[in-house]
Amino acid sequence: MVRIVYNCVKQLFERYDKRQFSIVGISFDTNREEWKEYIQKNQIKWAQLIDQKGWESTAILTYAIQGIPHLILLGPDGKIIANNPSEKQLSNILSNQLKQ
């Protein structure tokens with residue numbers, strides 16, 4: 001599942017104008033070195049943050065995250081457009097909101 005979501009996000013990142021669309025990955029890994037290695041190994045090019053509190057993270061409770069990966073789509077105003085959309089829903093939302 002992680003690989004499928006990663007590939008979807010990577011395709012969207014490459015597809016849309018970076019001035020209209022940004023990605024920020026937030027990891028709940030507890031080991032910073034393993035997290036850095038994963039980013040390098042998988043050549044993740046978008047912004048990455050880590051909250052080493054793992055499942056004790058405030059974000060887990062705030063956004064009702066029940067599993068990883070979990071996607072949250074925010075609008076330009078910072079409001080949530082979609083909480084954990086499917087790949088198809090995410091693609092549809094972005095194609096409707098952004099110029100290709």
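User: In which sense do β1 and strand β2 pair, parallel or antiparallel?

Analyst: In this predicted model, β1 covers residues 24–27 and strand β2 covers residues 47–50. The chain crosses from β1 through helix α2, residues 32–41, to β2, and this β-α-β crossover is right-handed. Four bridges join β1 and β2, and the sense of their pairing is parallel.

User: Which side chains of strand β1 point to one face and are buried?

Analyst: In a regular strand the side chains alternate between the two faces of the sheet. Strand β1 shows such an alternation, with Val24 and Ile26 pointing to one face, where they are not buried. The side chains that point to the other face and are buried belong to Gly25 and Ser27.

User: Which residue in β2 does serine 27 stand opposite, and is that residue buried or exposed?

Analyst: The residue that serine 27 stands opposite in β2 is isoleucine 50. Leaving aside neighbours within four places in sequence, isoleucine 50 is in contact with Ser27, Asp29, Arg32 and Trp35. Isoleucine 50 and threonine 30 are 20 residues apart in sequence, and their C-alpha atoms are 8.4 Å apart in space. Because its relative accessibility is 18% and the cut-off for burial is under 20%, the residue asked for, isoleucine 50, counts as buried.

User: What is the phi of glutamine 43, and where does this residue lie?

Analyst: Most residues other than glycine have a negative phi. Glutamine 43 follows α2 and counts as exposed, at 58% relative accessibility. Its place is the loop between α2 and β2, and although it is not a glycine, its phi is positive, at about 50°.

User: Which backbone nitrogen does a side-chain oxygen of asparagine 31 reach at the start of α2?

Analyst: The contact is found at the start of α2, the helix through which the chain crosses from β1 to β2. There, a side-chain oxygen of asparagine 31 comes to within 3.0 Å of a backbone nitrogen, and that nitrogen belongs to glutamate 33.

User: How many residues lie between β3 and β4 in their hairpin?

Analyst: Strand β3, residues 72–74, and strand β4, residues 80–83, pair in the antiparallel sense over three bridges, and leucine 74 has isoleucine 80 in β4 as its bridge partner. In the turn of this hairpin, glycine 78 has a positive phi of about 90°. The number of residues between β3 and β4 is five.

User: Which two residues are joined by a cis peptide bond?

Analyst: Most peptide bonds are trans. The cis bond in question has an omega of about 5°, and one of its two residues, proline 69, is found in the loop between α3 and β3. The residues that this cis bond joins are isoleucine 68 and proline 69.

User: With which side chain does the side chain of histidine 70 make a polar contact of 2.6 Å?

Analyst: Histidine 70 is placed in the loop between α3 and β3. Not counting residues up to four places away in sequence, histidine 70 touches Tyr63, Ala64, Ile65, Asn83 and Asn84. Of these, Asn84 is partly exposed at 38% relative accessibility and has a positive phi of about 60° although it is not a glycine. The polar contact of 2.6 Å, between side chains, is made with asparagine 83.

User: Is isoleucine 65 buried or exposed?

Analyst: Isoleucine 65 lies in the loop between α3 and β3. Leaving aside neighbours within four places in sequence, its contacts are Phe28, Trp55, Ala59, Ile60 and His70. The relative accessible area of isoleucine 65 is 9%, and because burial means under 20%, isoleucine 65 is buried.

User: Which element gives the most residues to the lining of the largest pocket?

Analyst: The largest pocket has a volume of about 1400 Å³, and of the 40 residues that line it, the closest to its centre are Ile23, Val24, Gly25, Ile26 and Leu71. At least two residues of the lining come from each of α1, β1, α2, β3 and α4. With five residues, the element that gives the most is α1.

Note on methods:
Residues are numbered from 1 along each chain as its sequence is written. This is a predicted model: local features need pLDDT of at least 70, side-chain atom pairs count only at pLDDT 80 or more; totals for chains, interfaces and linings use all residues. Side-chain values use heavy atoms; hydrogens and water are left out. Two strands pair if DSSP finds at least two bridges between them. Buried means under 20% relative accessible area, exposed over 50%, partly exposed in between (1.4 Å probe, protein chains only). A crossover is right-handed if, with the strands pointing away from the viewer, the path from the first strand over the helix to the second runs clockwise. A polar contact is a pair of N or O atoms within 3.5 Å; within protein, one must be able to donate a hydrogen and the other to accept it, and residues adjacent in sequence count only if both atoms are side-chain atoms. Contact means heavy atoms within 4.5 Å. On a 1 Å grid over the protein atoms alone, a cavity is a set of points where a 1.4 Å probe fits but cannot get out, and a pocket is an open set with protein on both sides within 12 Å along at least five of seven lines; lining residues have an atom within 4 Å of a point. Grid points are joined across faces, edges and corners, and a volume is the space filled by probe spheres set on the points.
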